[in-house]
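Biologist: I'm new to this one, so please pick a single part and take me through it up close. Start with whatever term I need first.

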Amino acid sequence: MGSGALPLGNSLDSQLLELEKALLHDRDNIYWNYKVHEGNGTPDQLSSPLRREILSRPSIPMKPFGNDVDLEDGKLEKDRERVAKSNKAVKLNKALISGLAYCVASCSMILVNKVVLSTYNFNAGISLMVYQNFIAIIIVYILARLGVVSTEPLTWKLIKVWLPVNVIFVGMLITSMFSLKYINVAMVTVLKNVTNVITAVGEMYLFSKRHGTSVWASLFLMIISAVCGGITDLSFNAIGYSWQIANCFLTASYSLTLRRVMDTAKQVTRSGNLNEFSMVLLNNTLSLPLGLALILLFNEVDYLYQTPLLRSSMFWLVITMSGFLGLAISFTSMWFLHQTGATTYSLVGSLNKIPISVAGIVLFNVPTTVQNSTTIFFGLLAGVFFARAKLQKPQSG
C-alpha cells in the first residue's frame, strides 16, 4: 500500500467523525430514536449502516438536551441574582455617601456662617453674602467651561423674568445672615419651621392646595414650639428674632414665587429647561449688583475699610470656605435627590436639623435650660412629622 493510501479502518473512522459533526444538531432525535429501537430489540431499517455505527459507538456521550437547558438556565438565574445584589449594594452605598455629603455640607454652612458673624464678630453680612455668591459664580462658570455641568446662557428675556424672584432671594439671604448673628443656631433652626406654616397657607390661597389634618397638626406644633422656644431662650434678642421672622416670610415668598416664575422662565431659555446650576448662576449673578447697592445703602464700606479682619489670612480662608460650602449644598442636594427620592430627601433634611442644633449649642457654648432644650427638641420633631405627613398624604384641589 502506497504512502498516500489510508487503511480501511482509518478511512471509515474519518467518515464517521465527519458524519458525527454533521449530525450534532440532530443528536437528541438520533438518541431517542436509538433508545426506542434498542428497547424494542429491532434494528432501524431506515438507518444507514454508518448511522447505526454512530449510534452504537460508546465513545459518544449522549444525554437529553433538556437537562443542558435546565442547568444553563439555573446558572443564568444565579448570575442575574448575583448582579442584582451587587447593583443594590452599589446603589445603597451611593445613597449613603450622597446623604452624608448633603448633611455635612448643610451643617457646615450654617456653622461656618455663625463663626464668621459671631465668633469673628463680622458686622458686614451683606458683604459676606456678595463674596459667597461671587465664589459660587466662579466655580459654576469653570465647571460649565470644562463641560462638567450644563447651564443656560443669561439673556435679557430670562433676566427680566427672573428679576422679581432674585430680589426676594437676596432679601432671604441677607435676613438669614442678620438673624444668625444675633440668635443661636438651635433657635434659628426651630424658628425656620414657621416658614412651613406661611408656605402652607400661601399654597392654600394661591394654588388652592388642601392639606390634611396631620399636616395642620404638625404645623400647629411648630408654632407652639417656636413661641415656647422664644420664651425660654436665655439669649433672647429682639432684633435677631425680628430678622428671623422677616426671613421666614421672604423664604416662603421665594418658594411660592419660584413656582409661578419657573414655567415662564423655562419658555424663554434655549433648551426649554432650567436646571439647578442654571438657577445658581442666575440668582448669584443677578444678586451682585443689588448686593453692592445694599452695601452702599447700609454703609458697610466704612466698616470694611476699618476692620482688621480683612488683613487676616485665616479669616479669608473661612469666608472662602463658606462660599464653597454654599455651592456644595446645591451639588450634594441634587446628588442625594437623584440617588434616593423626594421622600427620603425631605425626611433626611428634617432630621438633619437635629445634629445642627446640638452642634450649635455645644460648639458655641449656648446657655440653655431644660425647658428650652425640650421645646427645641419638640420643634425639630414637629418638622419631621410635617415632612412625613405632607409626603404621605398630598392633597391638592
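Modeller: A residue counts as buried under 20% relative accessible area, as exposed over 50%, and as partly exposed in between (1.4 Å probe, protein chains only). By that yardstick N113 is buried, because its relative accessible area is 8%. Bear in mind that this is a predicted model, where local features need pLDDT of at least 70, side-chain atom pairs count only at pLDDT 80 or more, and totals for chains, interfaces and linings use all residues. Residues are numbered from 1 along each chain as its sequence is written, and side-chain values use heavy atoms, leaving out hydrogens and water.

Now, back to N113. You'll find N113 in helix 4, which covers residues 65–119; helices here are DSSP runs (H or I, at least four residues), as are strands (E, at least two), numbered from the N terminus. Skip the neighbours within four places in sequence, and N113 still touches L128, Q132, M177, L180 and S322, where contact means heavy atoms within 4.5 Å.

How far should you trust the picture as a whole? The protein's average pLDDT is 79, and 73% of the residues reach at least 70; pLDDT is the predictor's confidence in each residue, from 0 to 100. Residues 1–12 stay under 50, and the model gives them 3 contacts beyond four places in sequence. Residues 34–47 are also below 50, with 8 contacts beyond near neighbours in sequence. So much for confidence; N113 itself, to repeat, is a buried residue of helix 4.
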